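Visitor: I'd like a quick tour of this model, with the cut-offs spelled out as we go. Can you pull it up?

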Amino acid sequence: MLVRIITFSLALALLGSLAPLDTAKAQTAAQAGPILAVLDIGKIRREAASVKSIREQIINHQNNIQGEIQKEQDALRTAQQELAKKQTLLAPEAFAEERKNFEQRVVGMQQMVQQRRRSLEEAQNKAMNEVEKALNEIVAKLAEKNDYDIIFRFSQVVYVKIQHDITGEVLKSLDQKLPTVQVDLPKN
């Protein structure tokens, strides 16, 4: 019985002496606080090689589309002038039919322009989603590697010390991982 009491007393004493060590560790960790970082998404969207390649492809495609639209607008302008000349020459019913055909052509062109814009926007969004996916993977790996607890967007921060800004490191990794993105441009 005496052995049990002595063993129990020693166990309590040992636990009591260890508790302050754990409390001290917990207080030190709490005083250190979470590990924070800041990421400038705007800068990445402006400077990443993949985003620049997407932007260039979209602009080139828009220029091609704009050339086609300009040709169609010129053709419509000519058709409108011819229609105006026919107004005095044709019977009212015949002129109304010609005018209806012209208006359908105008509506068709407007629908074509809207459809091409939508298709181009969808292609751009799909390409940018590929960039966002790669960016998220890079940020997650970097956060895990450096044990970051929180990463803020730069636009939401009032002040940050330069050593907490991980934008350059993320941008470099993104350019290495995804130097270009092929935009699946719509066929005309």
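Visitor: How many salt bridges does the structure hold?

Guide: This is a predicted model, so local features need pLDDT of at least 70 and side-chain atom pairs count only at pLDDT 80 or more, while totals for chains, interfaces and linings use all residues. Side-chain values use heavy atoms, with hydrogens and water left out, and residues are numbered from 1 along each chain as its sequence is written. A salt bridge here is a side-chain nitrogen of Lys or Arg within 4 Å of a carboxyl oxygen of Asp or Glu. By that rule, the number of salt bridges in the structure is 7.

Visitor: What is the N to O distance between R116 and E68?

Guide: R116 sits in helix α4 and E68 in helix α3, so this pair ties together parts 48 residues apart in sequence. The two form a salt bridge, and their closest N and O atoms are apart by 2.5 Å.

Visitor: Is R116 buried or exposed?

Guide: The classes go by relative accessible area: buried is under 20%, exposed is over 50%, and partly exposed is in between (1.4 Å probe, protein chains only). Its partner E68, at 31%, is partly exposed. R116 has a relative accessible area of 14%, so R116 is buried.

Visitor: Which residue forms a salt bridge with D74?

Guide: The partner lies in helix α3 along with D74, 3 residues apart, about one turn of the helix. D74 is partly exposed at 36% relative accessibility, and R77 is partly exposed too, at 43%. The closest N and O atoms are 2.9 Å apart, and the residue bridged to D74 is R77.

Visitor: And which helix holds both R99 and E103?

Guide: Their side chains meet in a salt bridge at 3.1 Å, N to O. R99 counts as partly exposed at 44% relative accessibility, and E103 as partly exposed at 38%. They are 4 residues apart, about one turn of the helix, and that helix is α4.

Visitor: Back to the two helices, then. How are α3 and α4 oriented to each other?

Guide: Two packed helices are described by the angle between their axes and the distance between the axes. Axes are lines fitted to C-alpha atoms, for helices over the stretch in contact, with angles running from 0 to 180 degrees between N-to-C directions; under 35 degrees counts as roughly parallel, over 145 as roughly antiparallel, 65 to 115 as roughly perpendicular and the rest as oblique. The axes of α3 and α4 (residues 92-146) come within 11 Å and cross at roughly 180 degrees. The two helices are therefore roughly antiparallel.

Visitor: How many residues in that contact of α3 with α4 are nonpolar?

Guide: Ala, Val, Leu, Ile, Met, Phe, Trp, Tyr, Cys and Pro count as nonpolar, Asp, Glu, Lys and Arg as charged, and the others, Gly among them, as polar. The contact has 6 polar and 7 charged residues, and the nonpolar count is 18.

Visitor: Which residues does S53 contact, apart from its neighbours within four places in sequence?

Guide: S53 lies in α3 (residues 49-86) and counts as buried at 13% relative accessibility. A polar atom of its side chain lies 3.2 Å from the backbone nitrogen of V181. Taking contact as heavy atoms within 4.5 Å, the residues S53 touches are T180 and V181.

Visitor: What about A134: how far apart are the C-alpha atoms of A134 and L174?

Guide: A134 is found in α4 and is buried, at 7% relative accessibility. Not counting residues up to four places away in sequence, A134 touches L174, K177 and L178. A134 and L174 are 40 residues apart along the chain, yet their C-alpha atoms are separated by 7.0 Å.

Visitor: Where is D147, the residue with a positive phi?

Guide: Most residues other than glycine have a negative phi. D147 is not a glycine, but its phi is positive, about 60 degrees. Its place is the loop between α4 and β2 (150-153).

Visitor: Zooming out, in what order do the elements of the chain run?

Guide: Helices (H or I, at least four residues) and strands (E, at least two) are DSSP runs, numbered from the N terminus. The chain has 5 helices and 2 strands. From the N terminus on, the order is α-β-α-α-α-β-α.

Methods:
Polar contact = N/O pair within 3.5 Å; in protein donor to acceptor, adjacent residues only side chain to side chain.
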